[in-house]
Amino acid sequence: MNKVKKYLIAMGAAVLAFSMPVTAYAFGWKSGKETAEEKDYNFVYDKTTIALGAEAAPVLQALGTPEKTFEQDSCAYQGKDKVYTYKGFEVSTYPANGKECIASVYFLDNTAVTPEGIKIGSKEQDIINTYGKADKEEYGIYHYISGKSELVIYTTNQVVDAVEYLIVTK
């Protein structure tokens, strides 16, 4: 698959994540290892944990003023879906029960790094060494699902070119 097709797939996934929280279970991407003790994948930036599904207000306050913001009417909820752009990553939110909640985190460049050390530019083998066998892998896109979160890592020519954290609803 050429780079343009992978880019289009990655952009489609980002649009889907922004439009409404992803339901990985609807696509049959269950990992088969769900347990009561399963931990979510969370992104950590400058000692601020960005947990998917959590209320956004304290996270956004801790992150400070974003470089830019974008909002549009939510197609899944009453209210606005929003995207906050920070240095190296974007945080997408959705309205739920009168609050703004974290829907996704998307890496924009190699300054954003997962707590386990994966970033844009990492090697495909680093992904496997760090996270193990993916719950689903197709066309160089690795899906890791745990708890109410999904970590998606996109590669081209065995090099990471995008990283995304998504909320999983059951």
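This passage describes one helix, the strands that surround its buried face, and a buried glutamate in a neighbouring set of strands, all in a predicted model.

In helix α2, which spans residues 56-63, the buried positions are A56, V59, L60 and L63. Viewed down the axis of α2, these buried residues fall within an arc of 95°, so they line one face of the helix. This arrangement follows the general geometry of an α-helix, in which there are 3.6 residues a turn, so that residues three or four places apart point the same way. The cover over the buried residues of α2 includes β1 (43-45), β2 (48-50) and β4 (80-86), together with β5 (89-96) and β6 (99-107). After the helix comes G64, which has a positive phi near 85°.

Among the strands that cover α2, β6 has 7 of its 9 residues buried, and it is therefore largely enclosed by the rest of the structure. Strand β6 runs antiparallel to β5, to which it is joined by 8 bridges, and F107 of β6 is the bridge partner of F89. These two strands form a hairpin with 2 residues between them, and in the turn N97 adopts a positive phi of about 50°. Strand β6 also pairs in the antiparallel sense with β10 (residues 159-167), here over 3 bridges, with Y106 having E164 of β10 as its bridge partner.

Strand β8 (residues 141-146) is likewise largely enclosed by the rest of the structure, because 6 of its 6 residues are buried. Both of its faces are covered, with I141, H143 and I145 buried on one side and Y142, Y144 and S146 buried on the other. Strand β8 pairs in the antiparallel sense with β7 (residues 136-138) over 3 bridges, and K136 stands opposite H143 of β8; in the hairpin formed by β7 and β8, which has 2 residues between the strands, Y139 takes a positive phi near 55°. The pairing of β8 with β9 is also antiparallel and extends over 6 bridges, with I141 standing opposite Y154 of β9. The hairpin of β8 and β9 has 2 residues between the strands, and G147 takes a positive phi near 60°.

The glutamate E150 lies in strand β9, which comprises residues 149-156. Although E150 is buried, it has no salt bridge, and K136, the nearest side chain of opposite charge, is 8.7 Å away. The side chain of E150 is instead joined to that of H143 by a polar contact of 2.6 Å. H143 is itself one of the buried residues of β8, and K136 is the residue that stands opposite H143.

Notes
Residues are numbered from 1 along each chain as its sequence is written. This is a predicted model: local features need pLDDT of at least 70, side-chain atom pairs count only at pLDDT 80 or more; totals for chains, interfaces and linings use all residues. Side-chain values use heavy atoms; hydrogens and water are left out. Helices (H or I, at least four residues) and strands (E, at least two) are DSSP runs, numbered from the N terminus. Buried means under 20% relative accessible area, exposed over 50%, partly exposed in between (1.4 Å probe, protein chains only). Lys and Arg count as positive and Asp and Glu as negative; His and the chain ends are not counted. A salt bridge is a side-chain nitrogen of Lys or Arg within 4 Å of a carboxyl oxygen of Asp or Glu. A polar contact is a pair of N or O atoms within 3.5 Å; within protein, one must be able to donate a hydrogen and the other to accept it, and residues adjacent in sequence count only if both atoms are side-chain atoms. The arc is that of the directions from the helix axis to the C-beta atoms. Contact means heavy atoms within 4.5 Å. Two strands pair if DSSP finds at least two bridges between them.
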